[in-house]
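Thank you all for making the time this morning. I would like to walk through one model with you, starting from a single residue and working outwards, so please have the view open in front of you.

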Amino acid sequence: MLEQENRNKWNRIISFVKERFGDGEEPDIDVVLFLIGVRELGLPPKRKSFKKDQKLELMHIAICRLLSPYGYYKLIGQDQEGWPHYELQKKLPHLKAGEQSILMKEAVIRYFDEEIWED
């Protein structure tokens, strides 16, 4: 369970994403990961012409970026098209689904605190 402060931060992130990119629906973590991936790739978030495999790759980029500060991944460069590539640095711990969700939400909160919010 996320601590109250982190729950408040998570709700702020969800509201932010919903206001800017939502279509009236509450975004889930996959939407947030996709948008972080798009941001890390450096493309406008409104672009809608990604193929399914590219969407999955964008989410993978986000996961790698989010877990980099924890020492799990390291950015090793970009390919000719500008897509970032990461290398696994240490094995991810075996986590239950709920624990994975908490880790990802905490990593998203950290990312927003460091990269998005200006306060």
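Which residues does Phe 112 touch, if we do not count residues up to four places away in sequence? Before I answer, let me say that this is a predicted model, and that what follows should be heard with that in mind. Phe 112 touches Ile 13, Phe 16, Val 32, Ile 36 and Trp 117 once those sequence neighbours are set aside. Phe 112 has its place in helix α4, and with a relative accessibility of 4%, under the 20% cut-off, it counts as buried. If you take Ile 36 from that list of contacts, you will find that Phe 112 and Ile 36 are separated by 76 residues in sequence, while their C-alpha atoms are 9.5 Å apart in space.

Let me turn to the rings. The structure holds five aromatic pairs. In one of them, Phe 16 and Phe 112, the ring centres are 5.9 Å apart and the planes stand at 85 degrees, so this pair is edge-to-face. It is a pair that links distant parts of the chain, since Phe 16 sits in helix α1 and Phe 112 in helix α4, 96 residues apart. Both Phe 16 and Phe 112 are buried. Tyr 111 and Phe 112 also form an edge-to-face pair, with 6.2 Å from centre to centre and 70 degrees between the planes, and Tyr 111, like Phe 112, is buried. Taken together, ring pairs link Phe 16, Tyr 111, Phe 112 and Trp 117 into a cluster.

Now to the helix that carries Phe 112. The 20 residues of α4 should span 28 Å at 1.5 Å a residue, and the C-alpha atoms at its ends are 27 Å apart, which agrees. The buried residues of α4 are Leu 103, Met 104, Ala 107, Val 108, Ile 109, Tyr 111 and Phe 112. As a reminder, an α-helix has 3.6 residues a turn, so residues three or four places apart point the same way. What covers the buried residues of α4 includes α1, α2 and α3.

Of those covering helices, α3 deserves a word of its own. Its 16 residues reach 23 Å from the first C-alpha to the last, close to the 22 Å expected at 1.5 Å a residue. Leu 58, Met 59, Ile 61, Ala 62, Cys 64, Arg 65, Leu 66 and Leu 67 are buried in α3, and the buried residues of this helix pack against α2, β1, β2 and α4.

One name in that list is a charged side chain: is Arg 65 buried or exposed? Its relative accessibility is 15%, and because the cut-off lies at 20%, Arg 65 counts as buried. Leaving aside neighbours within four places in sequence, Arg 65 is in contact with Glu 40, Tyr 86, Tyr 111 and Glu 115, and Tyr 111 brings us back to the ring cluster.

Finally, the second largest pocket, whose volume is about 190 Å³. It is lined by 13 residues, and those nearest its centre are Phe 16, Phe 21, Leu 35, Arg 39 and Ile 116. Helices α1, α2 and α4 each supply at least two residues of that lining, which divides into 11 nonpolar residues, two charged and no polar. Phe 16 thus appears both in this lining and in the aromatic cluster.

How values were computed. Residues are numbered from 1 along each chain as its sequence is written. This is a predicted model: local features need pLDDT of at least 70, side-chain atom pairs count only at pLDDT 80 or more; totals for chains, interfaces and linings use all residues. Side-chain values use heavy atoms; hydrogens and water are left out. On a 1 Å grid over the protein atoms alone, a cavity is a set of points where a 1.4 Å probe fits but cannot get out, and a pocket is an open set with protein on both sides within 12 Å along at least five of seven lines; lining residues have an atom within 4 Å of a point. Grid points are joined across faces, edges and corners, and a volume is the space filled by probe spheres set on the points. Helices (H or I, at least four residues) and strands (E, at least two) are DSSP runs, numbered from the N terminus. Ala, Val, Leu, Ile, Met, Phe, Trp, Tyr, Cys and Pro count as nonpolar, Asp, Glu, Lys and Arg as charged, and the others, Gly among them, as polar. Buried means under 20% relative accessible area, exposed over 50%, partly exposed in between (1.4 Å probe, protein chains only). Contact means heavy atoms within 4.5 Å. The expected span of a helix is 1.5 Å times one less than its number of residues. Rings of Phe, Tyr and Trp (its six-membered ring) pair if their centres lie within 6.5 Å; planes under 30 degrees apart count as stacked, over 60 as edge-to-face and the rest as tilted.
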